[in-house]
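Ready for a little structure reading at your desk? Open the model in your viewer, keep the sequence beside it, and try each exercise before you look at the solution.

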Amino acid sequence: MKKYLVQFKPFLIFVSIFFLTYIVLTLLYKFYLNSYQAEDLDGITVIAGRNTEQLLGLFNYDIIIQKNSQNPWLDILLNNRYIARITEGCNAVSVMILFVSFVAAFSGNIKKTLLFIALGLVSLYILNIIRIALLIVLMYYFPEKNKFLHGVLFPLIIYGYVFILWIFWINRFSKYAK
């Protein structure tokens with residue numbers, strides 16, 4: 001048994017750090033969400049909605065993203081037509097938690113790790129705002145493609161980007177890069 005523990009030590013350390021980080025961050029996020037009333041929407045999602053509205057406004061879209069009066073989500077109106085809603089799951093925090101957990105599990109130099117995580121989180125947030133904005137516009141023009149756009153294409157974009165960041169991290173900066 002000891003032979004296997006020694007042989008698989010790097011893998012066991014990776015899995016332990018990954019799951020520990022993932023569980024701690026998920027619990028912290030859950031506590032954050034629980035600080036809001038059931039009918040309220042969390043601040044991160046509200047900011048994501050506001051930033052999406054600002055981005056589309058830069059391109060002169062007639063966009064309104066507002067809190068639904070009875071439900072915990074943001075209603076999206078483009079050219080006075082209801083398009084969709086932004087819920088807590090649209091803010092990409094769960095994807096960010098997954099990203100941080102993986103990078104932490106393959107951590108290298110602490111300074112480089114923290115810098116990469118910070119830059120990665122900022123880039124993920126920006127990509128997510130762009131993703132939501134593009135999704136709104138495409139759903140306006142192609143409502144029949146809603147399931148494909150929301151369920152396949154746009155998750156592929158955000159998770160694909162996370163995967164590219166992970167590969168870059170492993171090959172360039174993690175302790176396993178050598």
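The exercises below go through a predicted model, starting with the sheet.

**Exercise 1. Work out the strand order of the open sheet and find which strands stand at its edges.**

Solution.
- Step 1: Trace the 3 strands; their order is β1-β2-β3, and the pairing is antiparallel.
- Step 2: Look for strands with a single partner, which are β1 (63–67) and β3 (81–86). One side of each therefore has no neighbour in the sheet.
- Step 3: Check how neighbouring strands are turned against each other; the average is 25 degrees, with direction ignored.

**Exercise 2. Describe how β2 is joined to β3.**

Solution.
- Step 1: Locate β2 at residues 74–78 and count its bridges to β3: there are 5, and the two strands run antiparallel.
- Step 2: Pick out one facing pair; Leu74 stands opposite Ile86 in β3.
- Step 3: As background, strands of a sheet pair through backbone hydrogen bonds, in either a parallel or an antiparallel way.

**Exercise 3. Find the helices that lie across the sheet strands, and explain why the buried residues of α3 are on the same side.**

Solution.
- Step 1: Start with α3 (residues 43–58), which lies across β1, β2 and β3 and runs at about 170 degrees to β1. α5 also lies across β1, β2 and β3, at about 145 degrees to β3.
- Step 2: Check the span of α3. Its 16 residues reach 23 Å from the first C-alpha to the last, close to the 22 Å expected at 1.5 Å a residue.
- Step 3: List the buried residues of α3, taking under 20% relative accessible area as the cut-off: Thr45, Ala48, Gly49, Thr52 and Leu56.
- Step 4: These residues cover an arc of only 100 degrees around the axis, so they fall on the same side of α3.
- Step 5: Recall that an α-helix has 3.6 residues a turn, so residues three or four places apart point the same way.
- Step 6: Ask what covers these buried residues; the cover includes β1, β2, β3 and α5.

**Exercise 4. Identify the helices that build the largest nonpolar core.**

Solution.
- Step 1: Begin with the core itself, which has 21 residues; Phe99, Phe102, Val103 and Leu124 have the most contacts inside it.
- Step 2: Assign helices: α2 (9–34), α4 (93–105), α5 (110–141) and α6 (146–172) each supply at least two residues of this core.
- Step 3: Compare the shares; the largest, 7 residues, comes from α4.
- Step 4: Zoom in on Val103. Leaving aside residues up to four places away in sequence, Val103 touches Thr113, Phe116, Ile117, Trp166 and Trp169.
- Step 5: Finally, find the second, separate core of 20 residues, with Leu41, Ile83, Ile86 and Cys90 among them.

How values were computed. Residues numbered from 1 in each chain as written. Predicted model: local features only at pLDDT ≥ 70, side-chain atom pairs only at ≥ 80, totals over all residues. Heavy atoms only, no water. Core = buried A, V, L, I, M, F, W, Y, C linked by side-chain atoms within 4.5 Å. Buried < 20%, exposed > 50% of the residue type's maximum accessible area, 1.4 Å probe, protein only. Helix = DSSP H or I, 4+ residues; strand = E, 2+ residues; numbered from the N terminus. Contact = heavy atoms within 4.5 Å. Pairing = 2+ DSSP bridges. Axes fitted to C-alpha atoms, helices over the stretch in contact; angles between N-to-C directions. Expected span 1.5 Å × (residues − 1). Arc of directions from axis to C-beta.
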